[in-house]
Amino acid sequence: MGYGIVMVVATIVVQQPASKAEEKGKAKAPSAAVETKLKEARRLLQNGRYAEAEEAFTAIPAEAKKEPGGLSPAHKVAMALGLAECQSSQGEYAKAIEGLKAAAAAEPKSADLPARLAELYLTRGDWEAAETAMRQAEKLDPDHLLARFVEARLLELRGEIDKAVVAWKWFVDRHNEQRPEIIRNAAALLLVGQAAERYYRASARGEELSDSLNDVINEIYEGALRVDPNCWQAPWLEGRLFLSAYNERAAARELARAQQINPLSPEVLATLGQADLQGYRLASGRAKAERALAINPHFAPAYVLLADLNISDERFVEANAAAKKAVAENPRDEEALGRLAASCRLLVDPVGAAAAELAALGNNPRPATFYAALGERLADRRKYHSAERAFLLAAAADPARAEAPIGLGMLYMQVGRESEAKSLFDAAFAADPFNVRADNMMKVLRHMAAYAPIESRHFSVLVDPTQDELLGRYMARYLESIYATLTSRFGYVPPAKTKIEILKNHQWFSGRTIGLPFVPTVGACTGRVVALASPRATKMPFNWARVLTHEVTHVITLQQTEFNIPHWYTEALAVESEGFPRPQDWNRMLLERVPSRQKLLNLDTINLGFIRPKEPEDRQLAYCQAQLYARYMLKRFGDDALIKMLMAYRRGLTTDRAITACFHVAKDDFEKGYLSYLDEVVKTIRTRVSEEEPVKFSQLERQLKAKPDDPELNARMAYEHFARRNYAEARPFADKALELKPHHPLASYVKARLLQSIGDRPEAILAVLEPALDPKRPNERVIDLLAQLKMEAGQLDEAASLYELARKDDPYHTKWIAGLARVHLRQKETAKFLNDLAMIAANDADDLAVRKALAERYLAQGNAAASEKWANECLHIDVYDPTVHVLLADARAAGRKFGEAIEEYQTALELKAKKPNDLKVKLARAQLGKGDRDAARATLDGILKEDPEHPEAKALREEIENAKKKG
């Protein structure tokens, strides 16, 4: 975040401490009434009541005429400064400048007026006019603080850094020399504080810098607030200092203080928006930028903020437009030019990017701010090579600043160059000891120093060897097993090994990923590096293989498109690659949102759903809709649609242009077709009993009173009474519903259950239920009870038919598959039963128990290959379960893969499996199978030494000896 001038300094006091020339001109004591009016006008100004303040300042001359002394020169200067501040705060810069010029002509002995003019000219990018006005002020008062501040800023902006540092030091010396006078002047303290910040950052390091910045905050800025309780600039400057160091909590506290004093300060609003940007609260940040512009339509930092927000939201056209507006307000602003260059680069406009860079270089041969801003925005969108160049140029332009090395260090962390990142963070933290992100990354790197890599052909898996060495080995194997499939699917092979980093717990994962305490996921990909929180540290086991498949898909598609692929599309391809059915929670959201078109995402808003969702469910909806966009494209545009879009992004096209280029349709037509596709999807989704919205009993009573002949309401009331075991009250409502609508499903279900409760004949119950079954859209309660009754009656074929009918209607409802499994188990249809279990496993990637059951049953059947497959899938959920390793070893031994079986038996033993001696016998058999008789004998000898009477060990030992004698 760049430094700017506090543009309201000059109006906090009536005027700069008087020069000798001005002292001579004093003839009359100031009017108490005028002083009171000026003080009230300044209060209104400082509280953000700009229009009222302007009226108050304008009314002062008329009030002064009533006073004996009239309006003194000092009063006229204060009034002119106040009016200019009111006008400039509302974006009327030209009016403010003209007013000050007129006042300066009328009061030629005032240094305050040309100094403030110089500051305004500087804000508008007119450096020549700023220098002329500044020289005029210094001629009148060589020690004028605001004039000297403008002079130092001009040196800094022109790249004369060494001279600028000397100029900033002058303020520190001046504060020390004139301390009694300066500490009574809030405006002077603010200028000294900003100058001291710059000087200390350029000249001090480490603890000395930290102490100096603390002094600036606690003595200078807080001192200004003590002098003037309405000095909102002091906490704003403190908040900005903290925010530049990513200390959002401390920044928020100070910015809240500033906003409490002046809720309409564009400066405070823009800085709060920057905090939102850091936290990816993009919608909130956008609202603050727009609010700042509503107050001051020409406030360049608000346009810079909008450009940043649009870049983070991948709205590059809008970012470019915002950057151009910022440049129009101040053509020499490096912050604005940096955003213009970044947006041009992201729009694949190298000419525009080069023009912005040349403009920055034309103003300043060492434009560190420009390059730091460019690097940060490009790194945000993973344009690593271009961002690295920008950060390196920023560091070369001003080696004392911390922004570039921190940005470059974060970039190197993203691309897996940790050793280079460490030295950068060390240096950066010395240059900015307040920087939370640098401090956190140093802690992460110290923590990760003990990690060790597990190398495979295409991957390097970095783990904490004290916790995750075993996990790392199995991850490396899994990654190699999917590599060919994924690279073939997308037609791209990454040129270098991909780094997979398994962090010890979620806290270290968050620190590694963003340098801040929390990120709401267990996996993240930068395109070059994949980071995961260790499954061992999570409360619930999860299928880490699924997560790796997802993240490696990102690696491929991000690199394949040179990081031009938008967030939503790389997520769409990653979710598709996982190969699991759509979660029911996603189906529920679709049922709620698609018919009404309420709260649905589209191509303009879907990226925001990933980055910073408005509601907790929006992130999951973004994943869901992204996948459905991919499936929609496949259905409408053919099997090569997804690859076409990838290639379009590789060429640098935006989504709008890619749709037109690939599919020859307008974006509006594309979106319209997508909504129609969603309608088709929703028709296939069923609202399940477990997801029905509860209705309050009192509400149902009121509804039924209003509509007593509504069959739905009567049936629902019957069900509510039945659920409360009020059977006598339930029956009349069920009967009435069936009278109003024969065979009503819910009413039929309730009546059937009531008949069950009194022990009525099965035939009577079936007579109620069977007519209520609609084969085209079966009611869940009706078909479930029917199937249960058929099972109880031993009519297994009929039960199977009912469960199959229900499954076809709602294919991924495990309830129906489990029902089929129970039927097939009773029918001893083993193949069908195992197929049912496989479908249950496919529905839930994290279900360890069903995968274990499949591995065990296939092993018992003698199907070693199938058993091995399912045992492997168990390891994808819990690699530290010794029973799974035994299962896998048994399967591999049965398949005569003795070498691999030996490894699994040994792993199970390392994991402290139960009955270790029995397991060692299996190990010895595998060693024999491999032909390693000596190893088998040694294993058995170890068992018998511990347990001389172990029967299986003795028998196998004798078998070996007999075979040896025969041989």
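This is a short chat about charged side chains and a few loop residues in a predicted model.

Q: Hi! How many salt bridges does a search of the whole structure find?
A: Hello! The search turns up 89 salt bridges. Keep in mind that the model is predicted.

Q: Okay, and why can such side chains pair up at all?
A: Side chains of opposite charge can pair when their charged atoms come close.

Q: Let's take one. Which residue does Glu-54 form a salt bridge with?
A: Glu-54 pairs with Lys-95, and their closest N and O atoms are 3.9 Å apart. This pair links distant parts of the chain, as Glu-54 sits in helix 3 (residues 50-64) and Lys-95 in helix 5 (residues 93-106), 41 residues apart.

Q: Is Glu-54 buried or exposed?
A: Glu-54 counts as buried because its relative accessibility is 17%, and the cut-off for buried is under 20%. Its partner Lys-95 is partly exposed, with a relative accessible area of 46%.

Q: Cool. What about Arg-148, which side chain does that one meet?
A: Arg-148 meets Glu-151 in a salt bridge, at 3.8 Å from N to O. Both residues lie in helix 8 (residues 145-157), three residues apart, which is about one turn of the helix. Glu-151 counts as partly exposed, at 21% relative accessibility.

Q: Now further along the chain: where are Glu-770 and Lys-790?
A: The side chains of Glu-770 and Lys-790 meet in a salt bridge at 3.3 Å, N to O. Glu-770 is in the loop between helix 40 (762-769) and helix 41 (780-792), while Lys-790 is in helix 41, so the pair links distant parts of the chain, 20 residues apart.

Q: And which of those two is buried?
A: Lys-790 is the buried one, at 11% relative accessibility. Glu-770, at 39%, counts as partly exposed.

Q: Which residues are joined into one network by salt bridges that share partners?
A: The network takes in Glu-131, Arg-135, Glu-138, Asp-143, Arg-148, Glu-151, Arg-158 and Arg-174.

Q: New topic! What is the phi of Lys-828 near?
A: Its phi is near 60°, a positive value in a residue other than glycine. Lys-828 is found in the loop between helix 43 (814-826) and helix 44 (830-843), and at 72% relative accessibility this lysine counts as exposed.

Q: What about Arg-896, where does that lie?
A: Arg-896 lies in the loop between helix 47 (882-894) and helix 48 (898-910). Its phi is also positive, near 65°. Arg-896 is exposed, with a relative accessible area of 63%.

Terms used. Residues are numbered from 1 along each chain as its sequence is written. This is a predicted model: local features need pLDDT of at least 70, side-chain atom pairs count only at pLDDT 80 or more; totals for chains, interfaces and linings use all residues. Side-chain values use heavy atoms; hydrogens and water are left out. A salt bridge is a side-chain nitrogen of Lys or Arg within 4 Å of a carboxyl oxygen of Asp or Glu. Helices (H or I, at least four residues) and strands (E, at least two) are DSSP runs, numbered from the N terminus. Buried means under 20% relative accessible area, exposed over 50%, partly exposed in between (1.4 Å probe, protein chains only).
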